[in-house]
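Welcome, and please open your viewer. Have the selection tool ready, and we will walk through the model one stop at a time.

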Amino acid sequence: VIKCKAAVAWGAGKPLSIEEVEVAPPKAHEVRIKIVATAVCHTDAYTLSGADPEGCFPVILGHEGAGIVESVGEGVTKVKKGDTVIPLYIPQCGECKFCKNPKTNLCQKIRITQGKGVMPDGTSRFTCKGKQIYHFMGTSTFSEYTVVADISVAKIDAAAPLDKVCLLGCGISTGYGAAVNTAKVEPGSTCAVFGLGGVGLAVIMGCKIAGASRIIGIDINKDKYAKAKEFGATECISPQDSKKPIQEVLVEMTDGGVDYSFECIGNVGVMRAALEACHKGWGLSVIVGVAAAGQEIATRPFQLVTGRTWKGTAFGGWKSVDSVPKLVTEYMSKKIKVDEFVTHTLPFDKINEAFELMHSGK
C-alpha cells in the first residue's frame, strides 16, 4: 500500500481537501500509476456540484492526467513498470461489440462499475481516514498515485512533457476529434464554434487543420476572442451584441448558414441555436458539451427534414488506446497545439484555485 496526497471531495458543493490517502496495490488486470500532472475540467466541477446523477462521495476526481506506471497487476501485458502513460476515461478493451465496430469509440466493458465509482471487481483501491473513497471516471487523477484498469491506459512517448500531454486525456482530444472524426470537416467549409473554452479552441484547431476557410467563434466572454483567433478563428461574435437570435445572425453572415457547427458548452438552448445556424440541405451540428442531467433538446422537426444533421461526440470519437499515443506523436511533431492551451500551472495543493480560475473563464 502506498500512502500519498490526494484531493478528496468529501461531499457535493464542498471545496476539495488535500488528504493523506492509502492506495492499494493493483489487482489482476490493473495498473498503478504515479500521476505527474493533471488538469481540471468542467466535468469534474459538474460532479463536484452535486448535479451529476452518477456522482458518489467521498471521491477522488480528475480525468485529465499523465504519469509513470509504478506497478502492474497479474495478467497485464500492454504496459510495464516505468512506462509513460495517460489514463483513459473511455477505455478500449478491443473485445466488446463497441470496440469491434469502427463507427464508435464507446467501449462498454467496464461502464457499469466505472459509473458506480469502483474498479471492475466492484471494490475501491482508495481509503482515507478508514473510509473507502470512490474512483471517478475510471481514472481519479487528483491523487499522487491512482489505480486504473489495464484497458484504461495508453502508453505514450517517454519524451513527452507530461504537464502538457495530460490535456490529451480529455479536452483537446475531444474538441479536435469532434471536428476531424465526428463532423469530418471538409476543406473550404464554413464552421461555427459555440463556447471558446479549452474544448472550443480544440474544435477551432481541428477545423483549421481540416482546411475550413471560415471559422466563427461565439462566446459572451470577449476576453476569449484573441486566443480563439490564435487557434484559427477568422472572426468572433457575441450573442449579446444583437437583438436577433444568434442563429439568425449566423445565417445572415454566411449566406444561409454554416456547413458545420459545434456546441462546446453543455447548454440545451445553445445546442438548438447551433443546429439552426446550419445550412439547409447539408449543415451538420455536433453536440460536444455535456448538458446537466434530465435536460432535453428541442427544435422543429422541419430543421432536420430540410437536410440538417444533429450528431454528438464523446472523446472526439477517438478509439482511446490506439489513438492517444498517435495524438501525442502529432503534438511532438508540431501538427497539433497543446502548450498553447495551458494558461496556469499550479502546485497540487492549490487545486481549488485552479477550479476558481476555470469558473472565471481564465
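What follows is a tour of a predicted model, with something to select at each stop.

**Stop 1: the annotated domain**

Start by selecting residues 28-156. In the UniProt record, an unreviewed entry, this stretch carries the annotation "domain: Alcohol dehydrogenase-like N-terminal". Colour the span by secondary structure: 13% of it is helix and 30% is strand. Now click on the C-alpha atoms at its two ends, which lie 22 Å apart.

**Stop 2: a cavity**

How many cavities of 30 Å³ or more are there? The count comes to 1 cavity, and the space inside the largest cavity is about 60 Å³. To find the place, select the residues that line the largest cavity: Ile110, Thr113, Gln114, Val118, Met119, Pro120, Gly138, Ala149 and Ser152. Try colouring them by class. You should see 5 nonpolar and 4 polar residues in this lining, and no charged ones.

**Stop 3: a pocket**

Next, turn to the second largest pocket, with a volume of about 280 Å³. Its lining is made up of 15 residues; select Lys103, Thr104, Asn181, Thr182 and Gly317, the ones that lie nearest the centre of the pocket. Which elements give two or more residues to this lining? They are α5 (171-183) and β16. By class, the lining of the second largest pocket divides into 3 nonpolar, 8 polar and 4 charged residues.

**Stop 4: aromatic pairs**

Now show the side chains of the aromatic residues. A pair of aromatic rings is described by how far apart the centres are and by the angle of the planes. The whole structure holds 4 aromatic pairs, and we will visit some of them.

Select Tyr89 and Phe315. Their rings pair edge-to-face, 5.5 Å from centre to centre and with 75° between the planes. Tyr89 sits in the loop between β6 (84-87) and α2 (97-100), and Phe315 in the loop between β16 (309-312) and α11 (320-332), so this pair ties together parts that are 226 residues apart in sequence. Are these two residues buried or exposed? Tyr89 has a relative accessible area of 15% and Phe315 one of 3%; buried means under 20%, so Tyr89 and Phe315 are both buried.

Move on to Phe142 and Phe355. This aromatic pair is also edge-to-face, with 6.0 Å from centre to centre and 85° between the planes. Phe142 belongs to the loop between β8 (131-133) and β9 (145-149), while Phe355 is in helix α12 (residues 351-359), so the pair ties together parts 213 residues apart in sequence. Phe142 and Phe355 are both buried.

**Stop 5: a charge over a ring**

Select Phe231 and then Lys337. Rotate the view until you look across the ring: Lys337 lies over the face of Phe231, at 5.8 Å from the ring centre.

**Stop 6: backbone details**

Hide the side chains for a moment and look at the backbone. Select Phe57 and Pro58, which are joined by a cis peptide bond with omega at about -5°. Pro58 is in the loop between α1 (42-49) and β4 (59-60).

Then select Met137. This residue is not a glycine, yet its phi is positive, at about 55°. You will find Met137 in the loop between β8 and β9, and Met137 is buried, with a relative accessible area of 17%.

Asp255 has a positive phi of about 55° too, although Asp255 is not a glycine. Where is Asp255 placed? Look in the loop between α8 (246-253) and β14 (260-263). Asp255 is exposed, with a relative accessible area of 67%.

**Stop 7: two distances to try**

For the last stop, use the distance tool. Select Ile216, which lies in strand β12 (residues 214-218). At 0% relative accessibility, Ile216 is buried. Draw a line from its C-alpha to that of Asn267: the two are 51 residues apart in sequence and 18 Å apart in space.

Finish with Leu284, found in strand β15 (residues 284-287). Leu284 is buried, with a relative accessible area of 9%. How far apart are the C-alpha atoms of Leu284 and Pro26? They are separated by 44 Å, and the two residues are 258 residues apart along the chain.

Methods
Residues numbered from 1 in each chain as written. Predicted model: local features only at pLDDT ≥ 70, side-chain atom pairs only at ≥ 80, totals over all residues. Heavy atoms only, no water. 1 Å grid on protein atoms, 1.4 Å probe; cavity = no way out; pocket = protein on both sides within 12 Å on 5 of 7 lines; lining within 4 Å. Points joined across faces, edges and corners; volume = space filled by probe spheres on them. Nonpolar A, V, L, I, M, F, W, Y, C, P; charged D, E, K, R; others polar. UniProt positions renumbered as here; feature names shortened; annotations may be inferred. Helix = DSSP H or I, 4+ residues; strand = E, 2+ residues; numbered from the N terminus. Phe/Tyr/Trp six-rings, centres within 6.5 Å; stacked < 30°, edge-to-face > 60°. Buried < 20%, exposed > 50% of the residue type's maximum accessible area, 1.4 Å probe, protein only. Lys NZ or Arg CZ within 6 Å of the ring centre and 35° of its normal.
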